[in-house]
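The following paragraphs lead the reader through one protein structure, from a single strand residue to the overall composition. Please keep the sequence and the coordinates at hand while reading.

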Amino acid sequence: MHDHRDRVAEVLESARASLTDVALPGHADVLDFPSARHALDEAWAQVLAAATASVDQQALVGLLDEIKRTAELLELEWLRHRDATFGRVRDALSMLRDSDSTPELVERAAAAACAIGFDRAIVSRIEDSSWIPEKVSVERDPRWAEEILQAGREHTQLLDRTLVETEMVRRRVGILVHDVQARPAVHRPIADASRSRSYAAVPLIVNGGVIGFVHVDCYYQQRDLDEFDRGVLGVFAEGLGQALGRTTMIDRLAMIRVGFDQVAGALATAKDERVQLAVPGSQGLAPLISGFVANQRGSAVHQDRFPISTEGSTLTRREVEVLRLMAAGDTNGRIARRLVISEGTVKSHVKHILRKLGAANRAEAVSRWLGMGRGAPGGNGAGAGPKGRDG
């Protein structure tokens, strides 16, 4: 667009000079491909009408030819732009391929959306009909991104008829929102913090259900988003939804593995201590197995059986609290809210936990930590490790 914006402006100026009492778009009105097309179409219509009514048509016919050639060049540039944009979508999705957990994937997703060509992006989740932002990316101003995220989290919005985003949940299609600052049906705290004037948003769909949103805008480019932007974002969100389905399955398998590791640990302890195991169905393994099953159903029973600390462990009490919530599948954002600490502090704890346990990822850290506490009586480790250790 930038290659031909000046040429479009020159053609408009020539048409303006050749016509009298005719209002045509100016240079400031040509911001993107749709506005450039509209300006050339308007100039064509006005010049054609003047040529039809004029005795001296030669100059106006030449101007019509110039408008036509400029429109053709603009269309060629548009095709190149479209191909390049979809190439960036492929590159953006490739940034997500090696994510091995859902929190890691969400952490990368907003930056990947910006890599397509948008200036800012918000990735959100839906929980109990509430819209909760998870990650904001503003490449030029990371601090501003944190301010927008904080505004969204401090003022979570219920998805009801007062918000245009509700339509995405109902119809499972993307939306375009213009004149954001003047519209009452938007997330006002985010709109105020971001000062956005136009945005596109699409639903994140996993296993047939809408689990979140992706919002983008072109604040620094100072242009309104259009249907092409919404379509491109939709392609990206479809790929992101598939990736989320994959990492969600990885997370579930990791939790199942953790549960079986705990059962295996109990069996190994019983064997080492030469404990006579009862036949299946007896009370010997029933509490442990029921705890594992309850965990798979989202119950807190299994969480209560996790070791609190183990002999030789260098984990602080706060790190153990973070590990408990990691094992329950909580994201960094949810851990931060539950422990009433910042998300940055959670990330720091996770980093220390991985380093101390020699783990490559969150699932491996949880598995290793549980393995460290296998010898704790009763499986809960309540009496293991030095007492009174502070976080």
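**A guided reading of the model**

Gly209 is located in strand S6. The model is a predicted one. With a relative accessible area of 23%, Gly209 is partly exposed; the buried class ends at 20% and the exposed class begins over 50%. Once neighbours within four places in sequence are set aside, the contacts of Gly209 are with Arg172 and Leu204. Arg172 is separated from Gly209 by 37 residues in sequence, yet the two C-alpha atoms are 8.7 Å apart in space.

A second pair of residues can be read in a similar manner. Glu167 belongs to helix H6, which covers residues 166–171. The relative accessible area of Glu167 is 27%, and the residue is therefore classed as partly exposed. Between Glu167 and Pro203 there are 36 positions in sequence and 9.8 Å in space, taken from C-alpha to C-alpha.

These pairs may be set against the protein as a whole. The protein comprises 13 helices and six strands. Among contacts with a separation of 6 or more, 64% join residues that are 24 or more positions apart. Of the 391 residues, 44% count as buried. The exposed area of the protein is about 20,400 Å², and 53% of this area is supplied by carbon and sulfur atoms.

The aromatic side chains come next. A pair of aromatic rings is described by two quantities, the distance of the centres and the angle of the planes. How many aromatic pairs does the structure hold? There are six aromatic pairs in the structure. One of them is formed by Phe33 and Trp78, with 5.2 Å from centre to centre and 65° between the planes, an edge-to-face arrangement. Because Phe33 lies in helix H2 (residues 33–53) and Trp78 in helix H3 (residues 58–94), this pair ties together parts that are 45 residues apart in sequence. Phe33 is buried, at a relative accessible area of 5%, and Trp78 is likewise buried, at 14%.

Trp144 and Tyr219 also form a pair: their ring centres are 5.2 Å apart and their planes stand at 85°, so the geometry is edge-to-face. Here Trp144 is in helix H5 (residues 142–154), while Tyr219 is in the loop between strand S6 (209–217) and helix H8 (227–272), so the pair ties together parts that are 75 residues apart in sequence. Is each partner buried or exposed? Trp144 counts as buried, with 7% relative accessibility, whereas Tyr219 is partly exposed, with a relative accessible area of 27%.

The rings of Phe33 and Trp78 also belong to a wider group, since ring pairs link Phe33, Trp78, Phe86 and Phe228 into a cluster. Charged groups accompany two of the tryptophan rings. The charged end of Arg37 sits over the ring of Trp78, at 4.8 Å from the ring centre. Over the ring of Trp144 sits the charged end of Arg120, 4.8 Å from the centre of that ring.

Attention may now turn to the interior space. The model has one cavity of 30 Å³ or more. The largest cavity holds about 200 Å³ of space. Its lining consists of 18 residues, and those nearest the centre are Ile122, Ile190, Ser194, Tyr199 and His215. Which elements each supply at least two residues of this lining? They are strand S1 (120–127), strand S2 (130–138), helix H7 (188–194) and strand S6. Strand S6 is also the strand in which Gly209 is placed.

Two loop residues complete the reading. Asp128 is found in the loop between S1 and S2. Its phi angle is near 55°, a positive value in a residue other than glycine. Asp128 is exposed, with a relative accessible area of 69%, because values over 50% fall in that class. Gln222 lies in the loop between S6 and H8, the loop that also contains Tyr219. For Gln222 phi is near 55°, again a positive value in a residue other than glycine. The relative accessible area of Gln222 is 54%, and this residue is therefore exposed as well.

Note on methods. Residues numbered from 1 in each chain as written. Predicted model: local features only at pLDDT ≥ 70, side-chain atom pairs only at ≥ 80, totals over all residues. Heavy atoms only, no water. Helix = DSSP H or I, 4+ residues; strand = E, 2+ residues; numbered from the N terminus. Buried < 20%, exposed > 50% of the residue type's maximum accessible area, 1.4 Å probe, protein only. Contact = heavy atoms within 4.5 Å. Areas by Shrake-Rupley, 256 points an atom, 1.4 Å probe, with all protein chains shown as cover. Phe/Tyr/Trp six-rings, centres within 6.5 Å; stacked < 30°, edge-to-face > 60°. Lys NZ or Arg CZ within 6 Å of the ring centre and 35° of its normal. 1 Å grid on protein atoms, 1.4 Å probe; cavity = no way out; pocket = protein on both sides within 12 Å on 5 of 7 lines; lining within 4 Å. Points joined across faces, edges and corners; volume = space filled by probe spheres on them.
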